[in-house]
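Here is a short exchange on how structural labels are earned. Each label is checked against its definition.

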Amino acid sequence: MTDSAVSPDDAPAVELHDVGKTFTVRHGSVVALEGIDLSIARGEFVSLIGPSGCGKSTLLRIVADLIAPTSGDVRVNGKPARRARLDQDYGIAFQQAGLLDWRTVLANVELPLELHGVARAKRRARAEELLDLVGLTEFAKHRPPQLSGGMQQRVAIARALAESPALLLMDEPFGALDEMTRERMQNELVRIAGETGAAVVFVTHSIPEAVFLSQRVVVMSPRPGRITEIVRVPLDTRTDDTREAPQFYAAITQVREALRGRPVPETVEVGVAIEQAKGAL
């Protein structure tokens with residue numbers, strides 16, 4: 001497939017084959033990732049979790065074509081990662097919202113469209129639509145320093161969705177928030193992902209967050225980062241009540257056992273899972 005090829009509608013949102021990354025450092029080299037194979041369907045929510053330094057963020061940046069892999073093949077919507085980046089096939093959000101303090105909230109959301117030459121009226125209408133989606137219409141004329149951390153992250157998510165991407169890449173976007181705000185933002189993200197139909201790849205250190213948000217949780221090993229387990233999360237809905245559901249606690253236990261390098265049981269005794277999972281929260 002060439003860079004100019006058009007991906008078929010049924011191509012995965014992300015497809016990784018034998019991806020590896022080695023960084024050259026002053027005294028040699030560091031193998032950050034090795035043998036990564038992963039396919040993420042369109043509209044699917046997948047979280048990456050693992051110990052610090054395992055390469056989660058590196059993998060996300062490779063998908064985004066912000067850094068190149070040392071080996072392997074990366075496809076986004078059936079295209080090479082570089083082509084997907086040039087086509088604005090994805091939006092990206094980091095732990096820090098990265099908003100421009102001197103621009104209004106509305107102007108921050110408009111920024112990607114402005115940079116790509118979209119007419120003023122069209123980009124304004126799109127930004128207003130997205131602020132309504134994230135519940136911030138009344139704050140359109142505010143500037144970022146006037147907003148709470150959670151509100152700033154909602155603006156960042158709106159900006160990431162400005163060009164209607166089929167894929168949203170998120171690197172610990174809620175890591176700096178307090179627990180209550182974090183849970184509210186998780187609820188919002190579930191709603192936004194459902195309404196937009198975008199696939200999401202989400203990096204987190206939080207087991208409950210990964211389980212609450214995801215259809216699948218990808219567990220990675222210490223460096224060099226490899227995929228050691230993929231845990232499917234059998235939750236039909238995701239609401240505040242979900243956080244007290246036996247299936248939620250059972251999935252938390254499965255992910256935690258995978259992080260410890262233990263075999264992941266297909267079924268977990270509910271009473272034991274609840275006690276174990278609560279101990280990890």
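The questions below concern a predicted model.

Q: Why is alanine 251 called buried?
A: The cut-off for buried is under 20% relative accessible area. Alanine 251 has 1% relative accessibility, so it counts as buried.

Q: Where does alanine 251 lie, and what does it touch?
A: Alanine 251 is part of helix α8, residues 246-259. Leaving aside residues up to four places away in sequence, it touches Val211 and Val233. Contact here means heavy atoms within 4.5 Å.

Q: What separates the C-alpha atoms of alanine 251 and isoleucine 207?
A: The separation is 9.2 Å, and the two residues are 44 residues apart along the chain.

Q: What makes strand β7 largely enclosed by the rest of the structure?
A: Strand β7 covers residues 167-171, and 5 of the 5 are buried, so the rest of the structure largely encloses it.

Q: How do you know that both faces of β7 are covered?
A: Look at each side in turn. Leu167, Leu169 and Asp171 are buried on one side, and Leu168 and Met170 are buried on the other. The split follows a general pattern: in a regular strand, side chains alternate between the two faces of the sheet.

Q: Why do β6 and β7 count as paired strands?
A: Pairing needs at least two bridges, and β6 (residues 90-93) and β7 have 4, so they count as paired. The sense is parallel. In one of these bridges, isoleucine 92 has leucine 169 of β7 as its partner.

Q: What joins β7 to β8, and how does the chain cross between them?
A: The two strands run parallel, joined by 5 bridges, with β8 spanning residues 199-203. Leucine 168 stands opposite valine 200 in β8. From β7 the chain passes through helix α6 (residues 179-196) to β8, in a right-handed β-α-β crossover.

Q: Why is the pairing in the sheet called mixed?
A: The open sheet has 6 strands, ordered β6-β7-β8-β3-β9-β10, with mixed pairing. Both senses occur in it. β6 and β7 pair in the parallel sense, whereas β9 (residues 216-220) and β10 pair in the antiparallel sense over 5 bridges. In that antiparallel pair, valine 219 has glutamate 229 of β10 as its bridge partner.

Q: What makes β6 and β10 edge strands of the sheet?
A: Each has a single partner strand, so one side of each lacks a neighbour in the sheet. β10 covers 227-232. From one strand to the next, the twist averages 15°.

How values were computed. Residues numbered from 1 in each chain as written. Predicted model: local features only at pLDDT ≥ 70, side-chain atom pairs only at ≥ 80, totals over all residues. Heavy atoms only, no water. Buried < 20%, exposed > 50% of the residue type's maximum accessible area, 1.4 Å probe, protein only. Right-handed = clockwise from strand over helix to strand, strands pointing away. Axes fitted to C-alpha atoms, helices over the stretch in contact; angles between N-to-C directions.
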